[in-house]
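Please load the model in the viewer and keep the selection panel at hand. The stops below proceed one selection at a time.

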Amino acid sequence: VPFPFPFTQVVSILLVIFVFVVPFAVAQWTAGDTGEYCLSAVFTFLVVLGYWGLNEICGELENPFGDDPNDLPLGDIHREFVETMVETLTLGPP
C-alpha cells in the first residue's frame with residue numbers, strides 16, 4: 001500500500017514551518033539573564049536535524065522494493081530461496 005502523497009506534502013510543509021518556529025521557541029527556552037543565543041542555535045540545529053533526518057529515513061523506508069541503492073535486492077533473495085527449496089526437495093526425506 002503506497003503512502004498517501006498529500007500526507008507527505010503536509011509533513012514537508014510542517015517541517016518547513018518547524019524550521020522557522022523552533023529558533024524562537026528554543027531562544028525563549030535557553031535565554032536567561034545572559035541571553036545564550038549561541039546555545040539556542042546549537043539546540044535548534046540539533047532538533048531540526050533530528051526531525052529532518054527522521055523524515056528522510058521514512059522516505060527511504062516508504063518503498064523498500066526498487067532500484068535505489070538502499071533498496072532490498074529482491075532478485076538475489078528470491079534466487080537464494082529457490083536454490084534452498086530445490087536443495088531441500090532433492091535431498092528427500094531423512
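Select threonine 44 first, together with its neighbours: leaving aside residues up to four places away in sequence, threonine 44 touches Val22, Pro23 and Val26. The model is a predicted one. Threonine 44 sits in helix α2. Is threonine 44 buried or exposed? Its relative accessibility is 11%, and threonine 44 therefore counts as buried, since the cut-off for that class is under 20%.

Next, extend the selection to the whole of helix α2, residues 37-62. Ser40, Thr44 and Val48 are buried in this helix. An α-helix has 3.6 residues a turn, so residues three or four places apart point the same way. Which element do the buried residues of α2 pack against? Their packing partner is α1. The length of α2 can be checked as well: its 26 residues should span 38 Å at 1.5 Å a residue, and the end C-alpha atoms lie 37 Å apart, which agrees.

Now colour the chain by confidence. The mean pLDDT of the chain is 84, and 94% of the residues reach 70 or more. Among the elements, α2 has the lowest mean pLDDT, 86, while helix α3 (residues 74-91) has the highest, 92.

Then select the residues that line the largest pocket: Phe3, Phe7, Thr8, Val11, Leu15, Tyr51, Leu54, Asn55, Glu56, Cys58, Gly59 and Glu62. The volume of this pocket is about 270 Å³. Both α1 (5-30) and α2 supply at least two residues of the lining. Which helix gives the most to the lining? That helix is α2, with seven residues. By residue class, the lining divides into seven nonpolar, three polar and two charged residues.

Move to alanine 25, which is found in helix α1. The relative accessibility of alanine 25 is 45%, so this residue counts as partly exposed. Draw a distance from alanine 25 to phenylalanine 81: the two are 56 residues apart in sequence, and their C-alpha atoms are 53 Å apart in space.

Select α3 next. This helix has 18 residues. From its first C-alpha to its last, α3 reaches 26 Å, close to the 26 Å expected at 1.5 Å a residue. What follows α3? The residue there is glycine 92, with a positive phi near 80 degrees.

The last stop is proline 93, in the segment after α3. With a relative accessible area of 76%, proline 93 is exposed, because that class begins over 50%. To relate this stop to the pocket, draw a C-alpha to C-alpha distance from proline 93 to tyrosine 51, one of the lining residues: the separation is 54 Å in space and 42 residues in sequence.

Definitions and conventions
Residues numbered from 1 in each chain as written. Predicted model: local features only at pLDDT ≥ 70, side-chain atom pairs only at ≥ 80, totals over all residues. Heavy atoms only, no water. pLDDT = per-residue confidence, 0-100. Helix = DSSP H or I, 4+ residues; strand = E, 2+ residues; numbered from the N terminus. 1 Å grid on protein atoms, 1.4 Å probe; cavity = no way out; pocket = protein on both sides within 12 Å on 5 of 7 lines; lining within 4 Å. Points joined across faces, edges and corners; volume = space filled by probe spheres on them. Nonpolar A, V, L, I, M, F, W, Y, C, P; charged D, E, K, R; others polar. Buried < 20%, exposed > 50% of the residue type's maximum accessible area, 1.4 Å probe, protein only. Expected span 1.5 Å × (residues − 1). Contact = heavy atoms within 4.5 Å.
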